Amino acid sequence: RQHRWRCAEVTFTCPEGELSVMLLLLLLLLLLFTANRPKHLLIYINPYGGKRQGKRIYEQKVAPLFAAAGVSTDVIVTEYANHARDHLRTEAELKKYDGVVCVGGDGMFSEIIHGLIWRTQIDGAVDPNCPDETLQTCSLRIGIIPAGSTDCICFATVGTNDPVTSALHIIVGDSQPMDVCSVHHNNAFLRYSVSLLGYGFYGDVLTDSERKRWMGPARYDLSGLKMFLTHHYYEGTVSYLPARGIIGTPRDAARCRSGCVVCQHNGKLLTERSENDGEWRTIRGKFLAINAASMSCACPRSPKGLSPAAHLADGTTDLILVRKCSRFDFLRHLLRHTSKDDQFDLTFVEVHRVRRFRFTPRHCQSDSDLELDLLGNASKRQIFSQICRDHPACGCAPAYSCWNCDGEILTHTAIDVRVHCQLIKLFARGIEEPAVFEDLANPCAI
Ligand SMILES: CCCCCCCCCCCCC/C=C/[C@@H](O)[C@H](CO)NC(=O)CCCCCCCCCCCCCCC
Ligand SMILES: Nc1ncnc2c1ncn2[C@@H]1O[C@H](COP(=O)(O)OP(=O)(O)OP(=O)(O)O)[C@@H](O)[C@H]1O
Ligand SMILES: [Ca+2]
C-alpha cells in the first residue's frame, strides 16, 4: 500500500531431492547473472539529519535486511558536514563497490552526488568548471535511506519515505536514471541540483530556517509562514533555452512513472541532438519566486510537488516564474500545491520546460546600469533598497534574495544553469502506478 514494500518469506516444497537442488541452483544463477543486484556497498550515515535517527534507523531496520540478502557493507558515520563528499572525492576506493548509499536527507544525498560527479569528471579528465563541457555519467548507483527533514528525492523516486522500502529497492538492484543541473557563475562551478533551485520565496525560507535547525523539520513551516507574511519580491532578468522537439509539457495530466516513456524518448533524443538548438528567450520583471524543478519535488508537504508533471530523467527542468502579486493570490498559488487544482493556472504564474537558463538580479544587470547608479541617475527606490540591505531594521524590501539549491544556500545570485540528462542513477524504479500493485496483490488477476 502507498508504495511501501515489506519482506515476505515464501516456502517452496518439492517432492524430489534432486529436483529441489536443481531449482535452488537455477534460482541462484538467475540472481547472480540476470538481476543487477549490488554485492558490496559503501554506506554513509548522517547522525544529525532530520530527527537525528539515522544511525538507529540503519542499525535496526536496514542492516538486518542487507545481511539477510548477503550484501556486504563498509559503513562510515559522518563526523562533520561534507565528510561524505570529501571522502568520495579523494579517498574512497570506488572500484570495490557496486553502489553508494546515504542515510539522511536531501542534504546528505547532495553531498554524495557532489562527491561522485566531481570524482567521475576528474577521473575522466573533464573540467567541471566549464559550463559547456559534456559531463561523464556516474557508473555507481546511489541509494537513499530516508532520515532527513524533507526527503524529497527519495519520495519523488520511490513514492514513499520508508527505510525498509528503500533498502529493498537497493537489494533487488533497481535502477532509475536522473537529470542533474550544473550551476555556474562566471565560468566557475558552484553546485549541482537535482530537485529545486529556488530564488525569492524558497531561498528566503531556507535562509531563515537555517537559523532554526534545532527545531528539526518544523523549521520549514515556521520560516514558510514568516516569509509568506514578509512577502518580498525581487527584480531581475531570466533568460532561458526552451526544450524543443521533446514530448511532454509542464501542464500535462500524465505523471513521470516507473518505466516512463517520456524520459526514455527524450533521453534518446537529447543524446543525439545538440542541446544548443533553439533560441534564447528573455523575461524581465518583479518576482516573488523563481523556481526550477528538475523533478516533481513531491514530498509529504506537497504530495504532487512543485511541478507535478516534471520528469526525473527527460533532460529538462521546469522553470516556474511567480510574478509580484497580492498576498491573497500568492496564498492561492501555495495552497494549490496541496490540492488537485493547477498551481500554474493563475495569471501571475508562468511555467516553461527548459534545457538551460540564466538569472541576473536587477542590481547587477549590466555595467551601464551600474554606471547610471554611480552618476546619481538611479531612482530613489533603488538607492533606498541598496541602503536598506545594510539596515534590515527599517523593514523595507531587500534588493537580493539567494538561491535555494536542493536545500543549500548558494553564494551567488547571478547564475547559469544547465541540465545534464540522466547523469546519475539511483537504486529506485520511479513511482509505480497503483494498478500494478492491485494486480500483484490479487493472484487470480495475474
Ligand atoms: C498554506 C500551505 C501551503 C503549503 C505549500 C507547500 C509547498 C511546499 C512545496 C515544497 C517543495 C519542496 C521542494 C524541495 C526542496 C528540497 O530540495 C529542499 C532540501 O530538502 N527542501 C527545502 O528547501 C525545504 C523547503 C520547504 C518549503 C516549505 C514551505 C512551507 C510554506 C508554508 C507557507 C505557509 C503560509 C501560511 C499562510 C496562512
Ligand atoms: N556529522 C555531521 N555533522 C554535522 N552536519 C553533518 C554531518 N553529516 C552531514 N552533515 C550535514 O547535515 C546537513 C543536513 O543533513 P540531511 O540532509 O541528512 O538532513 P536534513 O537537512 O534534516 O534533511 P533534508 O535535507 O531532507 O531537509 C547536510 O547538509 C550535511 O552536509
Ligand atoms: Ca527533468
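Analyst: A residue is buried if 20 or more other C-beta atoms lie within 10 Å of its own, exposed if 12 or fewer do, and partly exposed in between, with C-beta atoms placed from the backbone. Keep in mind that this is a predicted model, where local features need pLDDT of at least 70, side-chain atom pairs count only at pLDDT 80 or more, and totals for chains, interfaces and linings use all residues. Residues are numbered from 1 along each chain as its sequence is written, while chains are lettered from A and ligands numbered from 1 in the order in which they are written.

User: Why is Leu321 called partly exposed?

Analyst: Leu321 has 19 other C-beta atoms within 10 Å. That count falls in between the two cut-offs, so Leu321 is partly exposed.

User: Where does Leu321 lie, and which residues is it in contact with?

Analyst: Leu321 belongs to strand S10, residues 317–323. (Strands are DSSP runs of E with at least two residues, helices are runs of H or I with at least four, and both are numbered from the N terminus.) Contact is when two C-beta atoms, placed from the backbone, lie within 7 Å. Leaving out neighbours within four places in sequence, the contacts of Leu321 are Val238, Ile283, Phe287, Ile290 and Glu350. As for Cys130, its C-alpha atom is separated from that of Leu321 by 27 Å, and the two are 191 residues apart along the chain.

User: How do you know whether Asp151 is buried or exposed?

Analyst: Count again: Asp151 has 27 other C-beta atoms within 10 Å. The bar is 20 or more, so Asp151 is buried. Asp151 sits in the loop between strand S4 (141–146) and H5, and has a positive phi of about 50° although it isn't a glycine.

User: And what makes His231 count as partly exposed?

Analyst: His231 has 14 C-beta neighbours inside 10 Å, so it lands in the middle class. You'll find His231 in the loop between H8 and strand S8 (234–242). His231 isn't a glycine either, yet its phi is positive, about 55°.

User: Why do you say ligand 1 lies between the two domains?

Analyst: The domain bounds come from an automatic or database domain assignment, which gives domain 1 (17–175 + 427–445) and domain 2 (188–421). Both domains give residues to the shell around ligand 1, so the ligand lies between them.

User: What makes a residue part of that shell, and which are the closest?

Analyst: A residue is near a molecule if its C-beta atom, placed from the backbone, lies within 6 Å of it. For ligand 1 there are 27, with Asp106, Thr150, Tyr220, Gly224 and Gly407 the closest. Helix H8 gives the largest share, 5 residues.

User: How many residues around ligand 2 are polar?

Analyst: Its shell divides into 13 polar, 5 nonpolar and 4 charged residues. Here Ala, Val, Leu, Ile, Met, Phe, Trp, Tyr, Cys and Pro count as nonpolar, Asp, Glu, Lys and Arg as charged, and the others as polar, Gly among them. Gly49, Gly104, Gly105, Gly107 and Gly148 come nearest to ligand 2, so these five go down as polar. The shell around ligand 1 has 14 nonpolar, 9 polar and 4 charged residues.

User: How many residues of the domains are in contact?

Analyst: 26 residues of domain 1 touch 26 of domain 2. On the domain 1 side, H4 supplies the largest share, 6 residues.
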